[in-house]
Amino acid sequence: MSLLQTMSVGDLAIEAVAREARVSKATIYRWWDSKGALVIDAFMESHFSNTPMPTAVDPRTALKRHLTSLVQYFSGRAGKLVVQILCEGHDNNALLAEFNERFAKNRRRLVQETFQRGQQEGLFRPDVDPAWAVEMLYSPIYRRLIFGQPLDEEFIQLLCKSVDSLFSTEPKSKALRPGPKK
């Protein structure tokens, strides 16, 4: 990850990784069969530690905290790395499939389980498909990443409000009530 702070995925060379880690190229290839697999592992380790899904709070609060940490994390170099992986994946189906299988599916599953827990606890509408809810929450983040739009505090507030306005079991008049004027 330290090398990816200063260079793109495309420019990253296994030789540079081996030199930085003070190991041979053969050692790198013993653990990872491709540069893509290595980048995905490095990204996943950093991502999971920076965007946790809280378990000691109610599911609504957990989703909002997770989305907030995700947007904050993606507003920096990590977001650029995700875009690079996705772009590289358009020319490399194996890389995109691996990223989807090892990272995206597992992360989405965790968020979906949290949403389902919220449905069981009566916090979220039971008529909403949990997989579709995850899609609706994550899509604006990735769209903004891809098009270089800001992932700022205003966006975080709108995204967290959408958790209530789209999915809450509370009457719409409460969930959509605007906050105080500043």
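In this predicted model, D41 and R102 form a salt bridge whose closest N and O atoms are 1.9 Å apart. The pair ties together distant parts of the chain, since D41 belongs to helix α3 (residues 35-50) and R102 to helix α6 (residues 93-120), with their positions 61 residues apart in the numbering. D41 is partly exposed at 24% relative accessibility, and R102 is likewise partly exposed at 26%. The contact does not stand alone, as D41, E98 and R102 are linked in a network of salt bridges.

A second link between distant parts of the chain joins R60, in helix α4 (residues 59-74), to D164, in helix α8 (residues 153-167), the two being 104 residues apart. Their side chains meet in a salt bridge at 3.7 Å, N to O. R60 counts as buried because its relative accessible area of 13% lies under the 20% cut-off, and D164 is also buried, at 17%.

Within helix α6, K105 and E101 lie 4 residues apart, about one turn of the helix, and their side chains form a salt bridge at 3.1 Å, N to O. K105 is partly exposed, with a relative accessible area of 38%, as is E101, with 44%.

The count of salt bridges comes to 9, including the following pairs.

| Pair | N to O distance |
|---|---|
| D41 and R102 | 1.9 Å |
| R60 and D164 | 3.7 Å |
| K105 and E101 | 3.1 Å |

As for annotation, the unreviewed UniProt entry places a "DNA-binding region" at residues 13-32. Over residues 13-32 the chain is 75% helix and 0% strand, with the end C-alpha atoms 13 Å apart.

Methods
Residues are numbered from 1 along each chain as its sequence is written. This is a predicted model: local features need pLDDT of at least 70, side-chain atom pairs count only at pLDDT 80 or more; totals for chains, interfaces and linings use all residues. Side-chain values use heavy atoms; hydrogens and water are left out. UniProt positions are given in the numbering used here, feature names are shortened, and annotations may be inferred rather than shown by experiment. A salt bridge is a side-chain nitrogen of Lys or Arg within 4 Å of a carboxyl oxygen of Asp or Glu. Buried means under 20% relative accessible area, exposed over 50%, partly exposed in between (1.4 Å probe, protein chains only).
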